[in-house]
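Student: Please take me closely through one part of this model, the packing of a pair of neighbouring helices, and then set that part in its wider context. I would like the reasoning behind each descriptive term to be spelled out where it matters.

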Amino acid sequence: MASIEIDGKIFEAENGQMLIEVADAAGIPIPRFCYHEKLSVSANCRMCLVEVENAPKPLPACATPIMDGMKVHTRSDLAREAQNSVMEFLLINHPLDCPICDQGGECELQDVAIGYGQDASRFAEIKRAVPSKDIGPLIATDMTRCIHCTRCVRFGVEIGGVKEMGAPGRGEHTKITTFLDAGISSELSGNMIDVCPVGALTSKPFRFSARAWELTQRDGIAAHDSLGANIHYHVRGQQVMRVSPKSNEDLNEVWLSDRDRFSYQGLSAEDRLLKPQIKVDGQWQETDWQTALQAAADNLQQIQSTEGASSLAALASGNSTSEEGYLLQKTLRHLGSDNIDHRLNQIDVSDQASAPLYAGFGQSPEAMENINSALIIGSNLRKEQALINHRLRKAVLKDRGLISEECIGDVWAVNPLDYELNLPLKGKLISTPDQTLSDLAGILKALQESGASIDAQTADIIASVDVNETQKAIAESLQAAENSSLFVGQLAASHPQFSQIRSLATQIAKASNSVLNYVGFSANHAGLSLAGVLPLGQAVDTAGLDANNILNSADIKGLVLLNLEPEQDAWNSAAVVDKLKQSFVISISPYASDAAKDYADVLLPSAAFAETSGSYVNALGQQQSFSAAVKAPADARPAWKILRVLANLLGLNIDYDNSAQITAELVDIAKQAGDIDNLQAASLNNLEMLKSGIQRIGERGLYHVDSVVRRARALQATEDARLCEAIHLSPAQAQDLQVFAGQSLKVKQDGNEITMQVMINAQVPQGAALVYAGTAAHSQLGGCYGVLELSA
Amino acid sequence: MSLSPEVTAKIDHWISKYPPERKQSAVMGALAAVQDDNGGWLTPELIDEVAKYLEMPAISVQEVATFYGMYEHKPVGKYKIGICTNISCLLCGSDDVVSHLEKKLDIKMGETSEDQRFTLKEVECLGACGGAPMFQINRDYYENLTLDKIDTILDELD
Ligand code: SF4
Ligand code: FES
Ligand code: FES
């Protein structure tokens, strides 16, 4: 501890802290541009100069470590003169074009210039101008405004994990730019807009559409991954104009993934459903709510009485609110059916009775920063859960001495694709999906050989497995580490043998004393599971049908869809559309897709995220409530209200006045469920190989995860989205098939044939092909995993 | 395009001077080797190749290549004359050196003569202030310049 004096007041501070940190904590204002609490100190802007007694010159507060007894003046004549001079220099080349700058009104340069600048410039010479360049669909650039603080450069290196922005040139010729005509590809790129203190980097989708002072800020919870990042909606009238992060150190810190930041564009998609519609003799008719809901209720009741309750089913998207899910399942169970689910991305749920109620994190994001050894299983962690990847990255980099030296970290991966990560991997096992089980079994076997005890049935099954060097090294690393963790992702969850993967992962975690984290699940997977949107019955043998079976069973005659587009969201979308046409389908959705118009019988327009109140439970089991930031357009209504009326028409008699009353019931349910033990799983059943042939890897496209994101125009224009249109083959595979990049290829799965463009991708192992799920191709092809036939 | 074996051998020589995980430290030597091999200047493609070879972001290599005056980004003449115009040389008459050379070679600073023999370039202090005014032709320093001496130096070049 040290005590220092700032502007005549004494403060206690930790040794090693920078002056600016102590001043910030004490609320003493010091102007700054390059300093950012989450980035390394570069001390290049000099705006934070202060007077320190006995120092010959003013010192930068951001880069001056405190010393016991230090006396600092932030507003003395010397300090003010230094600050004013730096401000004058910074404005010399700045265009001062605030009236046409999107940053105007929320600009750090403007704010500081008010306090430290002069009212007129003494600079009569010619200002320098820097051409702006197109760096992609998300960030607009006006580089003449750049003050070279290098925050965006440091953000790339330190947080984004890829250095994309740089500062070539020297002195007056320095320019902040990307290499040649490269765009920004980071999945966290939008944060550069936030860190840029001036209007050099601004949001492209938001550009010129509103002024900061016209916007109202409302709180919300991000709807596209299970972290539950906290967000601000910036709203004008009844329109969400943009989204920015709300800081929450426990979850998203001050960051936000691009998906959560730009998905709001989906709210204003052209195919928003604005009025209730019913199909009469094959023709869609707009109608009023009462007629539409009555038609829905009558049909459900009729199916129930003629075909039996078990022919009714309901499916909700994984980012429906808990309240919506709760009412949906209540309604369906009132009708006598347990056929309800939200796990559209899973096909193997055979272990659901013995698995944890929901797949969440086993540790806090903060604790992940101390991981010494991590094993990633079936996950494109960097893309599917960018801010968890960031925590892990911090853990590894600490080890490499790049941030500090506290921690030793090794990361391993068992993946069907050799993903480009932004953290160093110690080792990896990359193989086709049919090998996933044996790769994991090898690791478990290695743990067993080094003394861990495993159950007899599992031991029996893995007895014949050979352990290779990498598997042994992974086992040793996990076992030796003080803090070891497993990350089981979306590719594992959608694997046809997920329950065996879960069993192996759980046993590896137990045997190596590791924490098990499930990542890449939907935003409210936990909340919906708790709310009962699962086919679990009173006993295992009375369980209802799971999502995949609901969509494929000929017995389902009446189906309620909530927020869902099975034609893209399902595990096997190609199979479902014809099937849906045979059933009576009520679609409660913000959108009317062409496919939905084809298969649905009643369309009920619901509010999308941002337009409804409710709550989500994130992967940590934290319930986060939110209210609507804007009203849903036209006749669209929050789904919980729609379901309330439907339930009543079906004789359920519920009368919630607001969603908070439902939330209160859910809180009790969550309390009863208690803490979820992630280390639950059935014991291993088999190590059966999947069918051989060219295996499809059906990763869900980063920007194809749900109906809102799929309609977010700017995200759809990114490289990450564009990649999803092609079929990706390894160079060797392409050579075998004699196809080249860009060429079209006939792709056949489950008897469906389509033509796709070839992309050569060295991440794909020989014997496999990557065809993204959630895409147009996915709708026409087959399941996420399976065997493909390819011909030129 | 990829780097020739001769060039990669030179880069490897630089890499070997640093710890294995600090390959990037060889970037300046690597750029110099590549530039020499390419007739005295660098292209964006070559910068990218160096980046790949040293496993660093291309933009970082570009930062280095555009920060230091000895890297060229367009073709230069056989003799690149880097005239120091920084403080000591300025005080000792580098202005005269510049105008003499501009007149004699009939090119301006930053230009290359039509016969591709000479390029004139303004450089910052080359650490030879004791011999100001001075210039550098390719790798060699010439100090205590006078106009006569300059003529002799140029005449002696082939
Ligand atoms: S673009 Fe913005 S963040 Fe980047 S260096 Fe310039 S002012 Fe700083
Ligand atoms: S904030 Fe301290 S030098 Fe920029
Ligand atoms: S100023 Fe010319 S060499 Fe130093």
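Tutor: Before the pair itself, a word on geometry: the axes are lines fitted to C-alpha atoms, for helices over the stretch in contact, and the angles run from 0 to 180 degrees between N-to-C directions. The model is a predicted one, and everything that follows should be read in that light.

The pair I would choose is in chain B, where helix 3 (residues 44–54) and helix 4 (residues 58–67) pack at an angle of about 120°, with their axes 8 Å apart. Angles of 65 to 115 degrees count as roughly perpendicular and those over 145 as roughly antiparallel, with the rest, outside the roughly parallel range under 35, being oblique; helix 3 and helix 4 of chain B are therefore oblique to each other. The crossing in which helix 3 of chain B passes helix 4 of chain B is right-handed. On the side of helix 3 of chain B, the residues that meet the partner are Ile47(B), Asp48(B), Val50(B) and Ala51(B), and they face Ala58(B), Val61(B), Gln62(B) and Ala65(B) of helix 4 of chain B. Sorted by class, this contact comprises 6 nonpolar, 1 polar and 1 charged residues.

To place the pair in its chain, note that chain B contains 7 helices and 4 strands, which follow one another along the sequence in the pattern α-α-α-α-β-α-α-β-β-β-α. Its C-alpha atoms fill a box of roughly 50 × 35 × 25 Å along the principal axes, and 31% of its 158 residues count as buried. Among the contacts in chain B between residues at least 6 apart in sequence, 57% join residues at least 24 apart. Elsewhere in chain B, the loop between strand 2 (118–123) and strand 3 (135–137) holds Pro133(B), and the peptide bond leading from Ala132(B) to Pro133(B) is cis, with omega near -5°.

Chain A offers a second helix pair to set beside the one in chain B. Helix 2 (residues 77–92) and helix 3 (residues 108–116) of chain A pack at an angle of about 135°, their axes being 10 Å apart, and these two helices of chain A are therefore oblique to each other as well. Their crossing is left-handed. Helix 2 of chain A contributes Gln83(A), Asn84(A), Met87(A) and Leu91(A) to the contact, while helix 3 of chain A contributes Val112(A), Ala113(A) and Tyr116(A); by class, this contact has 5 nonpolar, 2 polar and no charged residues.

Where the two chains meet, the contact takes 10 residues from chain A and 9 residues from chain B, and the side of chain A that touches chain B divides into 4 nonpolar, 3 polar and 3 charged residues. Ligand 1, for its part, is surrounded by 14 residues, the closest being Cys146(A), Cys149(A), Cys152(A), Cys196(A) and Ala200(A); its shell is made up of 11 nonpolar, 2 polar and 1 charged residues.

Three further places in chain A deserve the same attention to local detail. In helix 20 (residues 573–582) of chain A one finds Val577(A), which counts as partly exposed because it has 18 C-beta neighbours inside 10 Å, 20 or more being needed for a buried residue. Setting aside residues up to four places away in sequence, Val577(A) touches Glu567(A), Ala595(A) and Tyr599(A); the C-alpha atoms of Val577(A) and Ala595(A) are separated by 7.5 Å, although the two residues are 18 apart along the chain. Helix 22 (residues 639–649) of chain A has as its buried residues Ala639(A), Trp640(A), Ile642(A), Leu643(A), Arg644(A), Leu646(A) and Ala647(A), and this helix of chain A is followed by Gly651(A), whose phi is positive, near 85°. Finally, Ala610(A), in the loop between strand 22 (602–605) and strand 23 (614–617) of chain A, has a positive phi of about 80° although it is not a glycine, and with 25 C-beta neighbours inside 10 Å it counts as buried.

Key
Residues are numbered from 1 along each chain as its sequence is written. Chains are lettered from A and ligands numbered from 1 in the order in which they are written. This is a predicted model: local features need pLDDT of at least 70, side-chain atom pairs count only at pLDDT 80 or more; totals for chains, interfaces and linings use all residues. A residue is near a molecule or strand if its C-beta atom, placed from the backbone, lies within 6 Å of it. Ala, Val, Leu, Ile, Met, Phe, Trp, Tyr, Cys and Pro count as nonpolar, Asp, Glu, Lys and Arg as charged, and the others, Gly among them, as polar. A crossing is left-handed if the near helix is turned anticlockwise from the far one by less than a right angle, and right-handed if clockwise. Two residues are in contact if their C-beta atoms, placed from the backbone, lie within 7 Å. A residue is buried if 20 or more other C-beta atoms lie within 10 Å of its own, exposed if 12 or fewer, and partly exposed in between; C-beta atoms are placed from the backbone.
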